[in-house]
Amino acid sequence: MPGIETDVPWEYSLYIPNDLRAVTVSRRTLRLILTMHGLIRHVDVAELLAAELVSNAVRHTKGPAALRVRWAAGVLRIGAWDADPGPPEPPCSTGDLLDLSEEGRGLALVKSCADTWGWHPLTTNGNGGKYVWCELASTA
């Protein structure tokens, strides 16, 4: 989009309930954010990554969650916070993706589609949880 500055850093957080409908809400919100910031080239992969991260947060924990999106220095970071401090299930190898059903391949997709990914536990004022994130570097 002409006139959009993509070198200015920004960050958004979307707090979501423990509800599978939050996955669709998160994807659509992310699409709007990226479109408004002139980053449409990242939308398809970013939506897939956000859907996997938010889906894991909603399916495998009992509390609320959040989608966090940040752009800085040409890197798009997409992350999901959830209330469970336990580590995420390790991703299967990318060769196993075709052998798996709908369940169990989320972090393998994240690992194969993102430039980098990781997670860390969070503790703030006695509130725990974890943050699982991935990054896409700008190619333009």
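This is a short walk through a predicted model, one selection at a time.

**Stop 1: the strands**

Start by selecting residues 10-16, which make up strand E1, together with residues 65-72, strand E2. E1 and E2 pair in the antiparallel sense, over seven bridges. To see one of these pairings up close, pick serine 13: its bridge partner in E2 is arginine 68.

Now add residues 75-82, strand E3. E2 and E3 also pair in the antiparallel sense, this time over eight bridges. Two pairs are good to display as sticks here. Alanine 66 has tryptophan 81 of E3 as its bridge partner, and arginine 70 stands opposite arginine 77 in E3.

While E3 is selected, turn on a surface. Is this strand mostly covered or mostly open? Strand E3 is mostly covered, with seven of its eight residues buried.

**Stop 2: the turn between E2 and E3**

Follow the chain from E2 into E3 and you pass through a hairpin that has two residues between the strands. Select alanine 73, which sits in the loop between E2 and E3. What is the sign of its phi? Phi of alanine 73 is near 50°, a positive value in a residue other than glycine. For background, most residues other than glycine have a negative phi. Alanine 73 also counts as exposed, at 80% relative accessibility.

**Stop 3: two helices side by side**

Next, select residues 21-36 for helix H1 and residues 43-59 for helix H2. A pair of packed helices is described by the angle between the axes and the distance between them. For H1 and H2, the axes come within 9 Å and cross at roughly 150°, and the crossing is right-handed.

Show the side chains where the helices touch. On the H1 side, the contact residues are Ala22, Val23, Ser26, Arg27, Leu30, Arg31, Leu34 and Thr35. On the H2 side, select Val43, Asp44, Ala46, Glu47, Ala50, Ala51, Val54, Ser55 and Val58. Colour them by class and you will find ten nonpolar, three polar and four charged residues in the contact of H1 with H2.

**Stop 4: a serine in helix H1**

Stay in H1 and centre the view on serine 26. Is this residue buried or exposed? Serine 26 is buried, with a relative accessible area of 0%. Which residues does serine 26 touch, leaving aside those up to four places away in sequence? They are Leu14, Ile16, Val54 and Leu67. Val54 you have already met as part of the H2 side of the helix contact, while Leu14 and Ile16 fall within the residue range of E1 and Leu67 within that of E2.

**Stop 5: the cysteines**

Finish by selecting cysteine 113 and cysteine 134. Why is there no bond between them? Their sulfurs are 9.2 Å apart, too far for a bond, because a disulfide needs a pair of cysteine sulfur atoms within 2.5 Å. The count of disulfides comes to zero.

The surroundings of the two residues are worth a look as well. Cysteine 113 is partly exposed, with a relative accessible area of 29%, whereas cysteine 134 is buried, at 0%.

How values were computed:
Residues numbered from 1 in each chain as written. Predicted model: local features only at pLDDT ≥ 70, side-chain atom pairs only at ≥ 80, totals over all residues. Heavy atoms only, no water. Buried < 20%, exposed > 50% of the residue type's maximum accessible area, 1.4 Å probe, protein only. Helix = DSSP H or I, 4+ residues; strand = E, 2+ residues; numbered from the N terminus. Pairing = 2+ DSSP bridges. Axes fitted to C-alpha atoms, helices over the stretch in contact; angles between N-to-C directions. Left-handed = near helix turned anticlockwise from the far one by under 90°. Contact = heavy atoms within 4.5 Å. Nonpolar A, V, L, I, M, F, W, Y, C, P; charged D, E, K, R; others polar.
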